[in-house]
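This briefing goes through a single protein chain, topic by topic, for a reader at the bench. Please keep the sequence and the model open alongside the text.

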Amino acid sequence: MMELNSLRQFLVVARLEHLSRAADELHIAQPSLSRTIARLESELGVPLFDRGGRLRLNDTGRLYRDHVERALGELDAGRRAVTDAADQGLGTVRLASETFLTLTGPLAAFKRTHPDAEIALHWSPPEDMARRLRAQDIDLCVTSHPIHTEGLEATRLFQEQVGAAFPLDHPLAGRTSVTISDLADQPFVTARNEHWLRRLLDRLFAAHGLTPKIVCESDEHSAIADLISAGLGTGLVPASARRSTTRAPLAWIPLDDPASHRTVTLYQATNSHPSTATHLMHTTITNWNWTTNQPPTH
């Protein structure tokens with residue numbers, strides 16, 4: 001009979017598609033992990049991975065992974081529900097996003113209003129969010145990328161323009177708008193590949209058959225405006241960033257391209273069993289006044 005620990009190990013191998021990296025993450029020996037996967041496949045009577053060249057999850061493995069994620073997610077949800085009921089508190093809300101800069105306002109307001117609720121924040125690339133929601137590994141996620149997966153409830157929060165930012169003394173800083181062609185030879189300061197800002201930049205340039213000239217990729221997304229202001233290059237900056245009280249001095253110029261925007265959406269699994277804290281966080285985020293970045297007025 002399959003053990004829960006074996007199923008959890010299978011999910012790690014399925015996610016990484018690499019035995020040695022999975023073994024390192026699980027802190028177990030690779031031969032032991034190999035035997036676990038082989039035993040699981042033997043019990044099911046079918047291979048879950050293709051092993052030609054490198055380990056790849058096959059169609060059967062993907063089907064089984066989805067069922068295992070849901071099953072283990074239900075067990076974990078049951079454990080949390082029992083714990084929350086015993087504590088008679090608000091419980092915990094687990095919120096994932098690719099950046100939390102957008103969410104600092106509603107998170108602070110939530111904590112002030114519900115100080116006894118526990119918040120667990122998880123950074124997550126958008127491609128992992130649907131899987132984590134289905135597996136009930138997280139309760140809510142906020143992303144600037146659409147997630148096209150069944151079983152998710154989506155609430156659009158806001159859409160905003162994304163413009164080009166320049167140092168104040170840049171030749172283009174006095175323009176009322178700029179085009180992608182204007183930016184073709186400009187050095188860019190931007191985020192790494194998994195971030196929505198970088199993906200938007202690559203997509204806008206690719207639509208014109210161009211590739212951006214990137215001189216700096218920053219993991220510190222809050223530092224991008226500072227680096228632009230310091231004269232290292234130009235970059236894309238969302239309109240909301242201009243409201244920051246700590247923002248660096250720079251010129252923000254609208255980009256003359258209808259695709260230069262981002263849509264921020266809140267997702268939740270439709271088959272989840274949310275805690276009271278999750279309900280309250282969902283309400284806080286969906287009712288937030290994103291135009292003023294303030295709580296709603298009643």
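Where in the chain is His195 found? His195 sits in the loop that runs between strand 7 and helix 8, in a model that is predicted, and the points below set this residue beside the fold, the core, the cavities and the second largest pocket.

**Overall fold and confidence**

- The chain is built from 10 helices and 11 strands, and its C-alpha atoms fill a box of roughly 70 × 55 × 30 Å when taken along the principal axes.
- Of the 298 residues in the chain, 46% count as buried.
- Among contacts with a separation of 6 or more, 71% are accounted for by residues 24 or more positions apart.
- The average pLDDT of the chain is 87, and 94% of the residues score at least 70; among the elements, helix 7 has the highest mean pLDDT (96), while helix 4 has the lowest (77).

**His195 and its surroundings**

- His195 counts as buried because its relative accessible area is 6%, which falls under the 20% cut-off.
- Once neighbours within four places in sequence are left aside, His195 is in contact with Glu98, Thr99, His145 and His221.
- Two of these partners, Glu98 and Thr99, also appear in the lining of the second largest cavity.

**The second largest cavity**

- There are 2 cavities of 30 Å³ or more in the model, and the second largest holds about 30 Å³ of space.
- The lining of this second largest cavity is made up of Ser97, Glu98, Thr99, Thr102, Val142, Thr143, Ser144, Arg262 and Val264, with strand 5 (140-143) and strand 11 (261-269) as the elements that give two or more residues to it.
- Sorted by class, the residues lining the second largest cavity are 2 nonpolar, 5 polar and 2 charged.

**The second largest pocket**

- The second largest pocket has a volume of about 410 Å³ and is lined by 18 residues, of which Arg8, Leu11, Arg131, Ala135 and Asp137 lie nearest its centre.
- Helix 1 (4-16), helix 4 (59-87) and helix 6 (126-134) each supply at least two residues of this pocket's lining, and helix 4 gives the most, with 7 residues.
- Charged residues number 12 in the lining of the second largest pocket, beside 4 nonpolar and 2 polar residues.
- A reader who works with this pocket should keep in mind that helix 4, which gives the most residues to its lining, is also the element with the lowest mean pLDDT (77).

**The largest nonpolar core**

- In soluble globular proteins, nonpolar side chains tend to be buried together.
- The largest nonpolar core here has 30 residues, and those with the most contacts inside it are Phe166, Val178, Leu183, Ile228, Leu236 and Leu255.
- At least two residues of this core come from each of strand 6 (152-166), helix 7 (180-183), strand 7 (187-191), helix 8 (196-206), helix 9 (224-229), strand 9 (235-238) and strand 10 (251-253), and helix 8 gives the most, with 6 residues.
- Leaving aside its neighbours within four places in sequence, Phe166 is in contact with Leu172, Val178, Leu183, Ile228, Thr234, Leu250, Ala251 and Ile253.

**Leu227 and helix 5**

- Leu227, which is found in helix 9, counts as partly exposed because its relative accessible area is 23%, a value between the cut-offs of 20% and 50%.
- Beyond its neighbours within four places in sequence, Leu227 is in contact with Val189, Cys216, Ser218, Leu232 and Gly233, whereas its C-alpha atom and that of Arg203, 24 residues apart along the chain, are separated by 22 Å.
- In helix 5 (residues 104-113), the residues Gly105, Pro106, Leu107, Ala109 and Phe110 are buried, and the buried residues of this helix pack against strand 3 (92-97), strand 4 (118-123) and helix 10 (276-287).

**Two residues with positive phi**

- Most residues other than glycine have a negative phi.
- His27, in the loop between helix 2 (19-26) and helix 3 (30-44), has a positive phi near 60 degrees and counts as exposed because its relative accessibility is 71%, which is over 50%.
- Gln136, in the loop between helix 6 and strand 5, has a positive phi of about 55 degrees, but this residue counts as buried because its relative accessibility is 3%, which is under 20%.

Methods. Residues numbered from 1 in each chain as written. Predicted model: local features only at pLDDT ≥ 70, side-chain atom pairs only at ≥ 80, totals over all residues. Heavy atoms only, no water. 1 Å grid on protein atoms, 1.4 Å probe; cavity = no way out; pocket = protein on both sides within 12 Å on 5 of 7 lines; lining within 4 Å. Points joined across faces, edges and corners; volume = space filled by probe spheres on them. Helix = DSSP H or I, 4+ residues; strand = E, 2+ residues; numbered from the N terminus. Nonpolar A, V, L, I, M, F, W, Y, C, P; charged D, E, K, R; others polar. Core = buried A, V, L, I, M, F, W, Y, C linked by side-chain atoms within 4.5 Å. Buried < 20%, exposed > 50% of the residue type's maximum accessible area, 1.4 Å probe, protein only. Contact = heavy atoms within 4.5 Å. pLDDT = per-residue confidence, 0-100.
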